Every structure is written in structure tokens, then in C-alpha cells.
Amino acid sequence: MTPLETMLTIRAVETQLLALCEKDARTVGDLHLSKGEEAIATGVCAALRPADHIVSHHRTISPGIAKGADLYLLIAEVLGRATGVNGGRAGEMHISNPAIRHDFSFQLVGTSVAVGVGLAWALKNYQKTDEIVAIFF
């Protein structure tokens, strides 16, 4: 996807999830949107390689889409379905998606910084890679 298509996809997915939530809050549960901030995740992830990692806060939808998440698996997870990327157990705030190297996401915003820095340190010093860890907080 182009950056514009990525931003439009993020907005469309979040708009539809919000509509579901407004119709019946039990359908979605917690929902934290990135409306107006789609370019942040899109720009950051456009600069990353497929091997690079992301660690995020509770707004997981936009960085997930921007990093290339399978939309079916991502949306199924947000909706709590067993077919989701984490079997429907993570919901929107705790997604982990190894396929795109979205390694961790946390409900508490500041947690992503410490864990992301630790992951970057381990990648450099133990695995001896040049992989980057982008932290959203």
C-alpha cells in the first residue's frame, strides 16, 4: 500500500470499529482510536524494514496496519474472535503479532518505552543484529 492508502485504511477500519462499538459496546469492548494521527504510524512504519520491530501502547490498530498486519486477523482480534492474531484473548490493547514483528503492546503508555529499549538492547548485544525497534507511546 502507498502511505495514502495506509492512512485511509487505518481511518476506514477505525471508523467501522467505532460504528460497531456505538451500536453495541459489547461487540468491541475497549477501543482506542488514532483518528487524525494516522500519519504518525504510517510514516514511522514506512521507514522500517520488514525485519524491524514495533512496540506500542494501547492504540494498536494504526501501527499494526501500518506495519502490514493482516486485516482479517487484526480485526478479529479487536472483536475478541478466536480467529484473531492472538486467538481473541488480547483484544485491542495487548496485541502481539510476530508475523509483522509487532512484539508487544501495553495498556499503560510508558511501559512500551522500557520494554522497547530493552528489546533493542537485546537485539544489538545478544542477537548481534541491526534490527530497529520503533516505540509508539
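Just after helix H5, Gly80 takes a positive phi of about 75°, a value that belongs, like the others reported here, to a predicted model. Helix H5 itself spans residues 71-78, and at its start a side-chain oxygen of Asp70 reaches to within 2.9 Å of the backbone nitrogen of Tyr72. Within H5, the residues Leu74, Ala76, Glu77 and Val78 are buried. An α-helix has 3.6 residues a turn, so residues three or four places apart point the same way.

Positive phi values also occur in residues that are not glycine. Arg101, which is placed in the loop between helix H5 and strand E2 (102-105), has a phi near 60° although it is a residue other than glycine. With a relative accessible area of 27%, Arg101 counts as partly exposed, because this value falls between the 20% under which a residue is buried and the 50% over which a residue is exposed. Lys128, in turn, is found in the loop between helix H6 (111-125) and strand E3 (133-135), and its phi is likewise positive, at about 55°, although Lys128 is not a glycine. The relative accessible area of Lys128 is 62%, and this residue is therefore exposed, the cut-off being over 50%.

A contrasting environment is found at Thr60, which is located in the loop between strand E1 (53-56) and helix H4 (61-67). Thr60 has a relative accessibility of 0% and therefore counts as buried, since the limit is set at under 20%. The side chain of Thr60 reaches the backbone oxygen of Glu92 at a distance of 2.4 Å. When residues up to four places away in sequence are not counted, Thr60 touches Glu92 together with Met93, Ile95, His102 and Ser105; of these partners, His102 and Ser105 lie in the range given for strand E2 (102-105).

On the surface, a nonpolar patch is formed by Val109, Val113, Val117 and Phe137, which together have about 360 Å² of accessible area. Val113 and Val117, two of the patch residues, fall within the range of helix H6 (111-125), whereas Phe137 is placed in the segment after E3. Phe137 has a relative accessible area of 65% and is exposed, because this value is over the 50% cut-off. The predicted model thus places the nonpolar side chain of Phe137 in a surface patch, while the side chain of Thr60, a buried residue, reaches a backbone oxygen, that of Glu92.

Key. Residues numbered from 1 in each chain as written. Predicted model: local features only at pLDDT ≥ 70, side-chain atom pairs only at ≥ 80, totals over all residues. Heavy atoms only, no water. Helix = DSSP H or I, 4+ residues; strand = E, 2+ residues; numbered from the N terminus. Buried < 20%, exposed > 50% of the residue type's maximum accessible area, 1.4 Å probe, protein only. Patch = residues over 30% accessible without salt bridge, like charges linked within 9 Å, V, L, I, M, F, W, Y side chains within 5 Å. Areas by Shrake-Rupley, 256 points an atom, 1.4 Å probe, with all protein chains shown as cover. Salt bridge = Lys/Arg side-chain N within 4 Å of Asp/Glu carboxyl O. Polar contact = N/O pair within 3.5 Å; in protein donor to acceptor, adjacent residues only side chain to side chain. Contact = heavy atoms within 4.5 Å.
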